[in-house]
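Me: I'd like a close look at one part of this protein, please. Could you take your time and connect it to its surroundings?

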Amino acid sequence: MVWLQQMIARYDTTIWIRVIGTVLTTFAGFMLRPFLAFYLYDRMDGNLLVAAMVTSLQPLTSIISGYFAGSLSDRYGRKPLMIAALAIEAISMAGYIWADSIFAFAALTVLNGIGASLFWPAASAQITDVVPEEKRSEVFALLHTALNLGAAAGPLIGVAIYKVNPAIAFGICSCMLFVYALLLFWKVPETLPDHIRAQASRSAKTDQAPRLKLAEHPTLIWMTLAAVPVSLLYSQVEIILPQHLRTQYTDFLSVFATLMTINGVLVVCCQIAIAKYAERFPAHWVILTAYLFLACVGFGYGWAPGFLILVLAEVLFTIGEMLYGPQIQKAISVMAPEEYRGRYFAIFGANWGITGTIGPSVGAVAFKGIGGALWFSILGLLLLVGGLFQYRFVKKATQAEPAESVQSLSS
């Protein structure tokens, strides 16, 4: 077991608490996540567009509150933001059990969006605080693996629970979020650098906080826009792909859950190895390859003539996300000025909010208008174009000094 001891010693305690918490919450979340749209669809009397619009409220809220969340984590620290976020999400998940109207679902979805927007910028900045640059893609890959430990088992168990009583899944998810919050409170120290905390404290007293002017950070903005096709594909996989499968398979829920399980198992088995192998190559080439794989997935989902081709598409999807996620997060961490880390991750994370907001509704309209095959083909074309642009921007970001502009500090 020497290798296990070496593995544990390789990373800070903060990282291992994050791994444990991620496994707990994603196992519970993936029991529920694939079927939340169906749950809302059933509760909304079969109105797909209304269900999609309610689902869109979470990322819409994240867009609005995300920037402020990044700023708060840069001023008051990562730990309090993360604990508050998990508590808010836990309350919202518990609330779904008793919600019985569109207004209740909408309010809880907004609450969940606030929690999510508080958590991820602080969590990503925390990794940048404690992990040396040369290990960051590896640690982001480790956390992605932890996420998929839950994704591997959660969906199939979720199918069984969903068929019995969806409220059980909401309850389990709420409990796991509370447990994660307690672990962070108990075991994880604050990681915001002391000099940044002192600077924030002085700024708070003088009302002269460092402000991030978006016009002075064009590479970050372009990278965020070029990431939109990737997050758009994800939004369609969660909302529209099950409906597309419904037109082809009688037991479409089991087919969908099987695809998600394949994705989770492959990530658990291969993510760390692939992340380490990808480190041999320039980040911009790795990310371009990921976009090409994901483009193939769009066409595969749309036109797969049988289950085996769907499985092949899912394998390509998994390889693409294993290449993309750690490398793009490392690129953001490298280019982010120390005093703006939370805000950089919050701004880049807005690409998920944008597609999460418009994606379900656009996908629902496109699915009804042109069908799943053509819609997923359009996504494939968007990924091809987005990949070419992202190649250029990541190359620029990783070869430039971090911070296109420390000079954007304003007094």
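Is Lys 330 buried or exposed, and what is its relative accessible area?

Reply: Happy to walk through it. Please keep in mind that this is a predicted model. Lys 330 is buried: its relative accessible area is 16%, and the cut-off for that class is under 20%.

The side chain of Lys 330 has a partner, because it meets Glu 279 in a salt bridge, with 3.2 Å from N to O. Lys 330 sits in helix 13 (residues 307–335), while Glu 279 belongs to the loop between helix 11 (252–278) and helix 12, so their pairing ties together parts that lie 51 residues apart in sequence. The two ends are not covered alike: Glu 279 is partly exposed, at 32% relative accessible area, whereas Lys 330 is buried at 16%.

The structure holds two salt bridges, and the other one joins Arg 78 to Asp 129, whose closest N and O atoms are 2.7 Å apart. Arg 78 is in helix 4 (residues 78–98) and Asp 129 in helix 5 (residues 102–130), so this pair also ties together parts 51 residues apart in sequence. Here both partners, Arg 78 and Asp 129, are buried.

Back to the loop that holds Glu 279: helix 12 comes after it. Helix 12 (residues 283–303) has the highest mean pLDDT among the elements, 93, and helix 8 (residues 194–206) the lowest, 59. For the protein as a whole, the mean pLDDT is 80, with 83% of residues reaching 70 or more.

Helix 12 also leads us to the surface. Along with helix 15 (372–399), helix 12 supplies at least two residues of a nonpolar patch. That patch covers about 960 Å², and its members include Leu 292, Phe 299, Trp 303 and Phe 389. Helix 15 gives the most to the patch, seven residues. Phe 389 lies in helix 15 and is partly exposed, at 44% relative accessibility.

A word on where to be careful. Over residues 401–411 the pLDDT stays under 50, and for this stretch the model has 28 contacts beyond four places in sequence. Where pLDDT is low, predicted coordinates should not be read in detail.

To return to your residue: Lys 330 is buried, and its salt bridge with Glu 279 links helix 13 to the loop between helix 11 and helix 12.

Conventions. Residues are numbered from 1 along each chain as its sequence is written. Side-chain values use heavy atoms; hydrogens and water are left out. pLDDT is the predictor's confidence in each residue, from 0 to 100. Helices (H or I, at least four residues) and strands (E, at least two) are DSSP runs, numbered from the N terminus. Contact means heavy atoms within 4.5 Å. Patches are made of residues with over 30% relative accessible area and no salt bridge: like charges are joined within 9 Å, nonpolar side chains (Val, Leu, Ile, Met, Phe, Trp, Tyr) within 5 Å. Accessible areas come from the Shrake-Rupley method with a 1.4 Å probe; for residues, only the protein chains shown count as cover. A salt bridge is a side-chain nitrogen of Lys or Arg within 4 Å of a carboxyl oxygen of Asp or Glu. Buried means under 20% relative accessible area, exposed over 50%, partly exposed in between (1.4 Å probe, protein chains only).
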